[in-house]
Amino acid sequence: MLDNILHKGSLKPYNLSYNELIYLLALEDKESCEKLFQAAYSVKLKEVGNKVNLRGLIEMSNICAKDCFYCGIRKSNANVERFQLDKESILRMANWAYEQNYGSVVLQAGEIESKKNSDLIEDLVQNISKIGDGSLGITLSLGEQSWDTYQRWLDAGAHRYLLRIESSTPELYHKLHPQDHSYERRVECLKILTKIGFQTGTGVLIGVPNQTLENLANDILFFKAMNIGMIGMGPYLPHIDTPLGKDIQLTSEYSEKQLTLGLKMIATTRLFLHDVNIASTTALQALANNGRELGLLAGANVIMPNVTDTQYRKNYQLYAQKPAINENSEQSRDNLTKSIQSIGEEINWGVRGDAPHYSK
Ligand code: SAH
């Protein structure tokens, strides 16, 4: 049965049924999971080779108007020291990423909707798009915004936008967010982003409380239905200062379970969608030192090394055990380069690294 499903999934995109997706996500024994990861890795090799695209991650502000029940930088968490990087610092970090030959950067922050913020981002994007004669890729991950704001940021030179749906099941979405956070608006934002011409990324929390494997299978179908070309998703990790995480113990058993589910979700997504970019996210690294490498071997092909100055990292903790908070960007780069080589993968230096999905 497993071999048949893996073979079927490998043949062509969208070749697995809802029940088959669930079957793969439910695999438990080590040997079966390994088989899944290997099948997904083969599909990845066929689509993008043994190549990893880098995105230098700039965590530019932890100020947030949202109050998501899982997130460490939620508005109501008074234990966080809030910061906003100034323009010069952000441009310095983007330049540094360019000099390292990373090929692209991501600007990520808490969610703020204001004229001042829209203007700031527009100005930043205009300046970053001049770096390297416009060769540096720019991804934004700045939450829900108006059509007009998205359009301005696109016109300024950004070309990718990452907005996780967090869960594509409305009932679960509402369990993870306060009443005034609208599922419909988030979906609408994804539609606008794609419509106006962004390469749009989305993703979900994996293994979050109250989630079923059916929910996760539906998430994968949602990625297809929304014609998504980039996936950024990772295992849920509890944060002590949040309603959802305060009572969860991060035992080694729990970590192991979250890691495996995260890897199964990456692999199953690769086996279903084939030609997309999938990030091996930092949350995997929080669960195991080699978590991001395991993600690559389960079918992911993008890594986002942190290029934010060390002093700010401790205040951008979305979850417990955020890795590399005391590391500087040089160390982050050197550690990553070594570990990617050690698993037989190669970095795609100096390219924007768009998903093949977009050239079709
Ligand atoms: N404000 C932006 C960026 C959010 S931070 C936006 O709304 O798009 C990036 C991602 O971190 C979130 O989309 C969420 O999926 C993830 N995240 C937040 N808290 C988390 C937790 N406790 N465990 C794992 N991932 C988490």
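In this predicted model, strand 1, which covers residues 51–54, is joined to strand 12 by 2 bridges, and the two strands run parallel. Within this pairing, Lys 51 stands opposite Glu 346, a residue of strand 12. The pair belongs to an open sheet of 3 strands, which are arranged in the order 11-1-12 with parallel pairing. Strand 11 (302–303) and strand 12 (346–347) form the edges of this sheet, since each of them pairs on one side only.

The loop between strand 10 and helix 11 contains Ser 280, and Thr 281 is likewise placed in the loop that leads from strand 10 (277–278) to helix 11 (282–287). Ser 280 has a relative accessible area of 2% and is therefore classed as buried, the limit being under 20%. For Thr 281 the relative accessibility is 9%, so this residue also counts as buried by that limit.

The surroundings of Ser 280, leaving aside residues up to four places away in sequence, include contacts with Gly 291, Arg 292, Gly 295 and Leu 296, as well as with Ala 300, Val 302 and Ile 303. With Arg 292 there is also a polar contact, in which the side chain of Ser 280 reaches the backbone oxygen of Arg 292 at 2.7 Å. Thr 281, with the same sequence neighbours left out of the count, touches Arg 164, Gly 232, Met 233, Gly 234 and Arg 292. A polar atom of the Thr 281 side chain lies 3.2 Å from the backbone oxygen of Met 233. A wider view of the fold is given by Thr 281 and Gly 56, which are separated by 225 residues in sequence, while their C-alpha atoms are 13 Å apart in space.

Empty space within the structure was examined next. Where such space is left can be shown by rolling a probe the size of a water molecule over the atoms. The largest pocket holds about 660 Å³ of space. Its lining is made up of 26 residues, and those closest to the centre of the pocket are Cys 33, Glu 256, Thr 260, Leu 261 and Lys 264. At least two lining residues come from each of helix 3 (30–48), helix 9 (213–225), helix 10 (252–273) and helix 12 (291–297). Among the contributors to this lining, helix 10 gives the most, with 8 residues. By class, the lining of the largest pocket comprises 14 nonpolar, 6 polar and 6 charged residues.

In the second largest pocket there is about 220 Å³ of space. This second pocket is lined by 17 residues, and nearest its centre lie Gln 285, Arg 292, Pro 323, Ala 324 and Glu 327. Arg 292 is thus both a residue close to the centre of this pocket and the residue whose backbone oxygen is reached by the side chain of Ser 280. Strand 2 (56–61), helix 11, helix 12 and helix 14 (329–342) each provide at least two residues of the lining, and the largest share, 3 residues, is that of helix 14. The lining of the second largest pocket divides into 5 nonpolar, 7 polar and 5 charged residues.

A search of the whole structure also finds 3 cavities of 30 Å³ or more. The largest cavity contains about 850 Å³ of space. Of the 41 residues that line the largest cavity, Gln 108, Arg 164, Glu 166, Tyr 316 and Leu 318 lie nearest its centre. Two or more residues of this lining are given by each of strand 2, strand 3 (104–109), strand 9 (234–235) and helix 11. The lining of the largest cavity consists of 21 nonpolar, 10 polar and 10 charged residues. Arg 164, one of the residues nearest the centre of the largest cavity, is also among the contacts of the buried Thr 281.

The second largest cavity has a volume of about 140 Å³. It is lined by 13 residues, with Arg 55, Met 230, Ala 279, Val 302 and Met 304 closest to the centre of this cavity. Strand 5 (160–162), strand 8 (230–231) and strand 10 each give two or more residues to the lining. The residues that line the second largest cavity divide into 8 nonpolar, 3 polar and 2 charged. Val 302, which is close to the centre of this cavity, is in turn one of the residues that Ser 280 touches.

Methods: Residues numbered from 1 in each chain as written. Predicted model: local features only at pLDDT ≥ 70, side-chain atom pairs only at ≥ 80, totals over all residues. Heavy atoms only, no water. Helix = DSSP H or I, 4+ residues; strand = E, 2+ residues; numbered from the N terminus. Buried < 20%, exposed > 50% of the residue type's maximum accessible area, 1.4 Å probe, protein only. Contact = heavy atoms within 4.5 Å. Polar contact = N/O pair within 3.5 Å; in protein donor to acceptor, adjacent residues only side chain to side chain. Pairing = 2+ DSSP bridges. 1 Å grid on protein atoms, 1.4 Å probe; cavity = no way out; pocket = protein on both sides within 12 Å on 5 of 7 lines; lining within 4 Å. Points joined across faces, edges and corners; volume = space filled by probe spheres on them. Nonpolar A, V, L, I, M, F, W, Y, C, P; charged D, E, K, R; others polar.
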